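Trainee: Before we rely on any labels for this model, could you take me through how each of them is justified?

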Amino acid sequence: MKTLKQKTANSQRKFLSSTDWSFKEKTEKNEYHKIHNYPATFPPQLATKLIKELTKSGDLILDIFCGSGTTLLEAQIANRKAIGMDLNPLAHLISSVKTEKYDIIKLKTEAKKIKARIESLRKPILVKINEDYWFDERTFNSLKNVKLILDTIEGESYRNFFYVALSEIVRKVSLLKHSGFKMHKDKSKKAAFNIEELCSRFFFPQIEKNILKFEKLNEFKRPHETKVFLQDSRIYNPQVRKNSAQLVLTSPPYGDSRTTVAYGEFSRLSLEVLDLGNKKYEPLDSKLLGGKRDKNSVEDFLELNLKEIHKINVAFKKLIKTEKDETKKNKVRRRRLDVLSFYNDLEKSFCNAKKYLKKGGHLAVIIANRNVLGVKLNSKKILNEILEKHSLVYLESHQREILKKRMPSIVNAKNMKGD
């Protein structure tokens, strides 16, 4: 005779195996998430499916790489509590705004005040340009003057709402090419805007779009507050209670940010305009997973005796041994350290995720495989081995097709049950 727990587990497996994870159908729900563009987001329907199947109303959902807040908002809409973490100040800003509950009348009132102040601005303040390669000087001054006006808005959450609208237009009015998230200059692009043109063509329309999205969002009750931390997932967060999350649902980076999804490059100009993050403008990519090559830490990681990591290490060492060109040999050494440093950092992050997870809870991870210098990196197998080291029990994995190919075409979604 099957127990209730066994029946529940079997129904979850049936649900997961029968789900079409590509989510080809567009729904209105997708629009709620489009207050700001962001790299490598996954469909909100994917989060909704997992949240509704693996949790109940009032449960806590945690995302340790929350990005632009897809998991957090879907948890809110499904009447769940949610906590997010991300080391990128821009991701922290977007997620905080996306999960805020706004008074629409107040937003519209503030928007009118901003418009009036910009229209009455007689002499914009001249600002020293730090990014003259990526901006026309007039455009940069326009952005900075809008930012100074937004700084006067009362209430951090309302200031943040308008900061997000300003951030969303930064790449559009810069000299960056629109395609992709990496930084490539478009020399033929018209990117010289005074403050009136910048606001009328880009900023005010973006505000209106975002207000409309929140009007729709306010139709949901969203009774639970959401917390978003500017937090390195490799460092344990004492503000999140141990054994509190019923579901950890997350999509970690697929490799170091320099060579995969360019979170640092994507965020750089917004961080400059909004004065977010390190004032010395230390490259964000160097702070993210795998951003620093630490030989000693990597040697410690290799002592975990993970079979898949051992195979990768051997493959890179063979490449180094057989390479005759010293310059190329050094490149392989660096790439080996990049790869191992990334998985070392990933192990630290999921070590903490285990601490937050409830006994009997679930960990669902969306992750992709890679190929570096001909060495296949099976991220699914590596993550399975890492999680087994932390006493998490593997249930199953599913493949899904990525419809917009700004990333690898196959991603693995997997569930690990807590002990």
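**Labels and their grounds**

Mentor: Let us start with Asp345, which lies in helix 13, residues 326-356, and keep in mind that the model is predicted.

Trainee: Why is Asp345 called buried?

Mentor: Buried means a relative accessible area under 20%, and Asp345 has 8% relative accessibility, so Asp345 counts as buried.

Trainee: What makes the approach of the Asp345 side chain to the backbone nitrogen of Gly290 a polar contact?

Mentor: The cut-off for such a pair of N or O atoms is 3.5 Å, and the side chain of Asp345 reaches that backbone nitrogen of Gly290 at 2.7 Å. Leaving aside neighbours within four places in sequence, Asp345 is also in contact with residues including Arg234, Leu288 and Leu289.

Trainee: How do you know whether Ser68 is buried or exposed?

Mentor: Exposed would require over 50% and buried under 20%; because the relative accessible area of Ser68 is 5%, Ser68 is buried. Ser68 sits in the loop between strand 1 (60-63) and helix 4 (70-77), and, not counting residues up to four places away in sequence, Ser68 touches Tyr38, Thr41, Ile94, Ser95 and Lys98.

Trainee: What is found when the whole structure is searched for cavities of 30 Å³ or more?

Mentor: The search finds two cavities of that volume or more, and the largest has a volume of about 340 Å³. Of the 28 residues that line the largest cavity, the closest to its centre are Phe65, Gly67, Asp86, Ser251 and Tyr263, and by class the lining has 15 nonpolar, nine polar and four charged residues.

Conventions. Residues are numbered from 1 along each chain as its sequence is written. This is a predicted model: local features need pLDDT of at least 70, side-chain atom pairs count only at pLDDT 80 or more; totals for chains, interfaces and linings use all residues. Side-chain values use heavy atoms; hydrogens and water are left out. Helices (H or I, at least four residues) and strands (E, at least two) are DSSP runs, numbered from the N terminus. Buried means under 20% relative accessible area, exposed over 50%, partly exposed in between (1.4 Å probe, protein chains only). Contact means heavy atoms within 4.5 Å. A polar contact is a pair of N or O atoms within 3.5 Å; within protein, one must be able to donate a hydrogen and the other to accept it, and residues adjacent in sequence count only if both atoms are side-chain atoms. On a 1 Å grid over the protein atoms alone, a cavity is a set of points where a 1.4 Å probe fits but cannot get out, and a pocket is an open set with protein on both sides within 12 Å along at least five of seven lines; lining residues have an atom within 4 Å of a point. Grid points are joined across faces, edges and corners, and a volume is the space filled by probe spheres set on the points. Ala, Val, Leu, Ile, Met, Phe, Trp, Tyr, Cys and Pro count as nonpolar, Asp, Glu, Lys and Arg as charged, and the others, Gly among them, as polar.
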